[in-house]
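Morning, everyone. Please pull up the model on your screens. I'll take the strands, then the ligand site.

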Amino acid sequence: MRLDRYLSNRGIGTRKEVKKLIKQGRVIVNDKVVQKPDYKLSKNDVVKLDGKVVDLPDKVYILFYKPAGYVTSTKDPHAETIMEFLPPIKGIFPVGRLDKDAEGLLLVTNDGQLAHRIISPKWSVEKEYIVRVDGEITENKLEKLTKGVILKDGFFAKAKFVERLSSDTLRMVITEGKYHQVKRMTAAVGLRTIRLKRVRIGNLILPEDMKPGEYRFLTEEEVKTIFEEKN
Ligand code: URA
(Lines give C-alpha, C1' and ligand atoms only; values in the text may rest on other atoms or scores of the structure.)
Protein backbone atom coordinates (compact mmCIF):
# COMPACT_ATOMS: atom_id res chain seq x y z
CA MET A 1 0.00 0.00 0.00
CA ARG A 2 1.14 3.57 -0.69
CA LEU A 3 2.53 5.43 2.31
CA ASP A 4 0.07 8.35 2.01
CA ARG A 5 -2.90 6.00 1.86
CA TYR A 6 -1.61 3.99 4.83
CA LEU A 7 -1.41 7.11 6.99
CA SER A 8 -4.75 8.42 5.86
CA ASN A 9 -6.39 5.03 6.54
CA ARG A 10 -5.17 5.30 10.12
CA GLY A 11 -6.98 8.55 10.66
CA ILE A 12 -3.86 10.75 10.52
CA GLY A 13 -5.46 13.12 8.03
CA THR A 14 -6.77 13.47 4.51
CA ARG A 15 -4.55 12.36 1.61
CA LYS A 16 -3.57 16.00 1.06
CA GLU A 17 -2.68 16.54 4.72
CA VAL A 18 -0.60 13.38 5.01
CA LYS A 19 1.27 14.15 1.77
CA LYS A 20 2.37 17.40 3.41
CA LEU A 21 3.57 15.57 6.55
CA ILE A 22 5.54 13.14 4.39
CA LYS A 23 7.17 15.93 2.37
CA GLN A 24 8.08 17.73 5.60
CA GLY A 25 10.20 14.69 6.52
CA ARG A 26 8.13 13.81 9.58
CA VAL A 27 7.47 10.22 8.51
CA ILE A 28 9.95 7.41 9.05
CA VAL A 29 9.74 3.92 7.60
CA ASN A 30 12.00 1.38 9.34
CA ASP A 31 14.22 4.13 10.73
CA LYS A 32 14.65 6.00 7.43
CA VAL A 33 12.93 9.26 6.54
CA VAL A 34 10.73 8.75 3.48
CA GLN A 35 9.56 11.86 1.65
CA LYS A 36 7.69 10.21 -1.20
CA PRO A 37 3.92 9.93 -0.69
CA ASP A 38 3.73 7.09 -3.23
CA TYR A 39 6.39 5.00 -1.43
CA LYS A 40 5.21 1.37 -1.49
CA LEU A 41 5.07 -0.19 1.95
CA SER A 42 5.77 -3.89 2.50
CA LYS A 43 3.96 -6.04 5.03
CA ASN A 44 6.28 -5.74 8.03
CA ASP A 45 7.35 -2.13 7.60
CA VAL A 46 7.16 0.02 10.72
CA VAL A 47 5.90 3.53 10.08
CA LYS A 48 6.48 6.37 12.53
CA LEU A 49 5.15 9.91 12.55
CA ASP A 50 7.12 12.39 14.66
CA GLY A 51 8.88 9.43 16.25
CA LYS A 52 5.71 7.56 17.26
CA VAL A 53 4.60 4.30 15.65
CA VAL A 54 1.45 4.77 13.59
CA ASP A 55 -0.98 2.06 14.53
CA LEU A 56 -4.58 1.38 13.76
CA PRO A 57 -6.82 2.82 16.47
CA ASP A 58 -8.92 0.17 18.27
CA LYS A 59 -12.09 1.68 16.92
CA VAL A 60 -12.51 2.89 13.40
CA TYR A 61 -15.38 4.95 12.03
CA ILE A 62 -15.69 5.38 8.31
CA LEU A 63 -18.07 7.77 6.61
CA PHE A 64 -18.79 6.12 3.28
CA TYR A 65 -20.74 7.29 0.23
CA LYS A 66 -22.38 4.05 -0.86
CA PRO A 67 -22.91 3.94 -4.60
CA ALA A 68 -26.10 2.42 -6.00
CA GLY A 69 -25.68 -1.13 -7.30
CA TYR A 70 -23.79 -2.60 -4.34
CA VAL A 71 -25.08 -4.73 -1.50
CA THR A 72 -24.71 -3.41 2.06
CA SER A 73 -23.10 -6.48 3.51
CA THR A 74 -19.63 -7.74 4.34
CA LYS A 75 -20.09 -10.83 2.14
CA ASP A 76 -22.44 -11.88 -0.61
CA PRO A 77 -21.84 -14.88 -2.87
CA HIS A 78 -24.00 -13.43 -5.67
CA ALA A 79 -23.38 -9.70 -5.71
CA GLU A 80 -20.73 -7.05 -5.30
CA THR A 81 -20.63 -5.60 -1.82
CA ILE A 82 -19.63 -2.21 -0.44
CA MET A 83 -16.52 -3.79 1.07
CA GLU A 84 -14.64 -3.48 -2.19
CA PHE A 85 -14.48 0.27 -1.73
CA LEU A 86 -13.28 0.14 1.86
CA PRO A 87 -9.86 -0.40 3.43
CA PRO A 88 -9.14 -4.01 4.46
CA ILE A 89 -9.61 -3.55 8.21
CA LYS A 90 -10.56 -6.63 10.18
CA GLY A 91 -13.94 -6.59 11.88
CA ILE A 92 -15.54 -3.59 10.18
CA PHE A 93 -19.21 -3.77 9.21
CA PRO A 94 -21.87 -1.39 7.92
CA VAL A 95 -24.23 0.18 10.44
CA GLY A 96 -27.73 -0.54 9.22
CA ARG A 97 -28.59 -1.04 5.61
CA LEU A 98 -29.13 0.80 2.41
CA ASP A 99 -30.86 -1.17 -0.35
CA LYS A 100 -28.79 -2.30 -3.30
CA ASP A 101 -30.32 0.38 -5.53
CA ALA A 102 -30.04 3.10 -2.85
CA GLU A 103 -27.06 5.39 -2.36
CA GLY A 104 -25.65 7.80 0.13
CA LEU A 105 -24.37 7.98 3.66
CA LEU A 106 -23.37 4.77 5.35
CA LEU A 107 -21.33 4.49 8.51
CA VAL A 108 -18.89 1.58 8.66
CA THR A 109 -17.22 0.68 11.93
CA ASN A 110 -15.95 -2.05 14.22
CA ASP A 111 -17.68 -0.45 17.20
CA GLY A 112 -20.70 -2.60 18.05
CA GLN A 113 -21.93 -0.27 20.79
CA LEU A 114 -22.06 2.69 18.46
CA ALA A 115 -23.83 0.64 15.82
CA HIS A 116 -26.44 -0.39 18.37
CA ARG A 117 -26.91 3.23 19.46
CA ILE A 118 -27.66 4.22 15.86
CA ILE A 119 -29.88 1.30 14.94
CA SER A 120 -31.85 0.77 18.14
CA PRO A 121 -35.35 2.30 17.92
CA LYS A 122 -34.91 3.32 21.57
CA TRP A 123 -32.69 6.25 20.58
CA SER A 124 -34.71 7.48 17.57
CA VAL A 125 -31.67 8.65 15.62
CA GLU A 126 -32.82 10.67 12.60
CA LYS A 127 -32.06 9.45 9.09
CA GLU A 128 -32.66 11.89 6.28
CA TYR A 129 -33.35 10.85 2.71
CA ILE A 130 -33.77 12.59 -0.61
CA VAL A 131 -36.39 10.59 -2.45
CA ARG A 132 -37.26 10.86 -6.12
CA VAL A 133 -40.71 9.47 -6.78
CA ASP A 134 -43.04 8.59 -9.58
CA GLY A 135 -46.49 10.07 -8.96
CA GLU A 136 -47.96 13.40 -7.99
CA ILE A 137 -46.74 14.81 -4.69
CA THR A 138 -49.73 16.43 -3.02
CA GLU A 139 -50.13 18.16 0.37
CA ASN A 140 -52.50 15.39 1.32
CA LYS A 141 -49.88 12.70 0.70
CA LEU A 142 -47.28 14.63 2.70
CA GLU A 143 -49.71 14.96 5.56
CA LYS A 144 -50.41 11.24 5.49
CA LEU A 145 -46.69 10.53 5.70
CA THR A 146 -46.28 12.69 8.80
CA LYS A 147 -49.48 11.43 10.44
CA GLY A 148 -48.38 7.86 9.78
CA VAL A 149 -49.19 5.02 7.42
CA ILE A 150 -49.76 1.35 8.10
CA LEU A 151 -47.37 -0.81 6.11
CA LYS A 152 -48.31 -4.27 4.79
CA ASP A 153 -46.69 -6.03 7.77
CA GLY A 154 -48.83 -3.92 10.11
CA PHE A 155 -46.02 -1.57 11.13
CA PHE A 156 -47.20 1.99 11.75
CA ALA A 157 -44.58 4.20 10.13
CA LYS A 158 -44.44 7.93 10.56
CA ALA A 159 -42.13 10.48 8.97
CA LYS A 160 -40.64 12.87 11.50
CA PHE A 161 -40.43 15.45 8.76
CA VAL A 162 -41.29 15.54 5.09
CA GLU A 163 -41.18 18.31 2.50
CA ARG A 164 -41.54 18.62 -1.24
CA LEU A 165 -38.31 19.77 -2.87
CA SER A 166 -39.55 19.72 -6.46
CA SER A 167 -42.32 18.17 -8.56
CA ASP A 168 -40.79 14.69 -8.18
CA THR A 169 -38.53 14.92 -5.14
CA LEU A 170 -39.07 14.77 -1.38
CA ARG A 171 -36.92 15.21 1.66
CA MET A 172 -37.97 12.78 4.35
CA VAL A 173 -36.68 12.20 7.87
CA ILE A 174 -37.46 8.98 9.72
CA THR A 175 -36.26 7.65 13.05
CA GLU A 176 -36.83 3.93 12.59
CA GLY A 177 -35.03 1.70 10.12
CA LYS A 178 -37.47 -0.97 9.01
CA TYR A 179 -36.82 -2.99 5.89
CA HIS A 180 -37.46 -0.84 2.75
CA GLN A 181 -39.13 1.67 5.06
CA VAL A 182 -38.95 4.76 2.87
CA LYS A 183 -40.02 2.88 -0.26
CA ARG A 184 -42.91 1.22 1.56
CA MET A 185 -44.03 4.48 3.13
CA THR A 186 -44.07 6.37 -0.17
CA ALA A 187 -45.80 3.40 -1.84
CA ALA A 188 -48.48 3.52 0.87
CA VAL A 189 -49.44 7.01 -0.34
CA GLY A 190 -49.23 6.13 -4.04
CA LEU A 191 -45.70 7.32 -4.76
CA ARG A 192 -43.19 4.85 -6.17
CA THR A 193 -39.60 5.54 -5.12
CA ILE A 194 -37.31 5.65 -8.11
CA ARG A 195 -34.20 7.07 -6.48
CA LEU A 196 -33.19 7.05 -2.87
CA LYS A 197 -30.25 8.82 -1.29
CA ARG A 198 -29.47 9.05 2.41
CA VAL A 199 -27.85 12.36 3.26
CA ARG A 200 -27.77 12.38 7.07
CA ILE A 201 -27.63 10.13 10.12
CA GLY A 202 -28.12 12.11 13.35
CA ASN A 203 -25.78 15.10 12.92
CA LEU A 204 -23.54 13.30 10.47
CA ILE A 205 -23.99 14.77 7.01
CA LEU A 206 -22.91 13.31 3.68
CA PRO A 207 -20.35 15.88 2.46
CA GLU A 208 -21.49 17.61 -0.73
CA ASP A 209 -18.12 17.21 -2.39
CA MET A 210 -17.97 13.46 -1.80
CA LYS A 211 -18.49 11.14 -4.73
CA PRO A 212 -20.07 7.68 -4.72
CA GLY A 213 -17.51 5.09 -3.61
CA GLU A 214 -15.43 7.57 -1.58
CA TYR A 215 -14.88 7.39 2.15
CA ARG A 216 -13.12 9.18 4.94
CA PHE A 217 -12.24 8.32 8.52
CA LEU A 218 -14.01 10.08 11.36
CA THR A 219 -12.36 10.91 14.66
CA GLU A 220 -13.96 9.75 17.94
CA GLU A 221 -14.82 13.40 18.60
CA GLU A 222 -16.74 13.63 15.33
CA VAL A 223 -18.52 10.40 16.17
CA LYS A 224 -19.70 11.81 19.51
CA THR A 225 -21.37 14.72 17.76
CA ILE A 226 -23.62 12.34 15.80
CA PHE A 227 -25.91 12.18 18.81
CA GLU A 228 -25.67 15.72 20.13
CA GLU A 229 -28.98 17.50 20.47
CA LYS A 230 -29.10 20.67 18.40
CA ASN A 231 -31.11 23.62 19.62
N1 URA B 1 -35.65 2.96 3.15
C2 URA B 1 -35.66 2.19 2.05
O3 URA B 1 -36.69 1.90 1.50
N4 URA B 1 -34.48 1.74 1.60
C5 URA B 1 -33.29 2.04 2.14
O6 URA B 1 -32.25 1.62 1.65
C7 URA B 1 -33.30 2.86 3.28
C8 URA B 1 -34.50 3.31 3.78
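One definition before we start: a residue is buried when its relative accessible area is under 20%, taken with a 1.4 Å probe and protein chains only. Keep in mind that this is a predicted model.

Now apply that cut-off to strand S7, residues 103–109. Seven of its seven residues are buried, so S7 is largely enclosed by the rest of the structure. For background, buried residues make up 44% of the 231 residues in the protein chain.

What pairs with S7? Start with strand S5, residues 61–66. S5 and S7 run antiparallel, joined by six bridges. To find that pairing on screen, click Phe64: its bridge partner in S7 is Leu106.

Next, strand S6, residues 93–94. Here two bridges make the link to S7, again antiparallel. The pair to look for is Phe93 opposite Thr109.

Then strand S13, residues 192–201. S13 pairs with S7 in the parallel sense, over two bridges. Gly104 of S7 stands opposite Arg198 of S13. As a reminder, strands in a sheet pair through backbone hydrogen bonds, in either the parallel or the antiparallel sense.

Stay on Thr109 for a moment. Thr109 belongs to strand S7. Is Thr109 buried or exposed? Its relative accessibility is 0%, so Thr109 counts as buried. Its side chain also has a partner: the backbone oxygen of Val60, at 2.7 Å.

There is another sheet to show you. Four strands make up an open sheet, ordered S2-S1-S3-S4, with antiparallel pairing. At the edges sit S2, residues 32–33, and S4, residues 52–53, each pairing on one side only. S3, residues 47–49, connects to S4 through two antiparallel bridges. In that pairing, Leu49 is matched with Lys52 of S4.

Now the ligand. Which residues surround the ligand? They are Leu98, Asp99, Ala102, Tyr129, His180, Gln181, Val182, Lys183 and Leu196. By class, that shell has five nonpolar, two polar and two charged residues. Helix H5, residues 181–188, gives the most to the shell, with three residues.

Where does the ligand lie relative to the domains? Domain 2 covers 61–121 + 203–227, and domain 3 covers 126–201. Both give residues to the shell, so the ligand lies between them.

On to the polar distances, which involve backbone atoms and ligand oxygens. A backbone N or O atom of Asp99 lies 2.7 Å from an oxygen atom of the ligand. For Lys183, a polar backbone atom is 3.0 Å from a ligand oxygen. For Gln181, the corresponding distance from a polar backbone atom to a ligand oxygen is 3.4 Å. As for burial, the ligand taken alone exposes 240 Å², and the protein buries 95% of that.

Last, the whole chain. The protein chain has six helices and 15 strands. Its C-alpha trace spans about 70 × 40 × 30 Å along the principal axes.

To recap: S7 has seven of seven residues buried, and the ligand lies between domain 2 and domain 3. That's it from me.

Methods: Residues are numbered from 1 along each chain as its sequence is written. This is a predicted model: local features need pLDDT of at least 70, side-chain atom pairs count only at pLDDT 80 or more; totals for chains, interfaces and linings use all residues. Side-chain values use heavy atoms; hydrogens and water are left out. A residue is near a molecule or strand if one of its heavy atoms lies within 4 Å of it. A polar contact is a pair of N or O atoms within 3.5 Å; within protein, one must be able to donate a hydrogen and the other to accept it, and residues adjacent in sequence count only if both atoms are side-chain atoms. Accessible areas come from the Shrake-Rupley method with a 1.4 Å probe; for residues, only the protein chains shown count as cover. Ala, Val, Leu, Ile, Met, Phe, Trp, Tyr, Cys and Pro count as nonpolar, Asp, Glu, Lys and Arg as charged, and the others, Gly among them, as polar. Domain bounds come from an automatic or database domain assignment. Buried means under 20% relative accessible area, exposed over 50%, partly exposed in between (1.4 Å probe, protein chains only). Two strands pair if DSSP finds at least two bridges between them.
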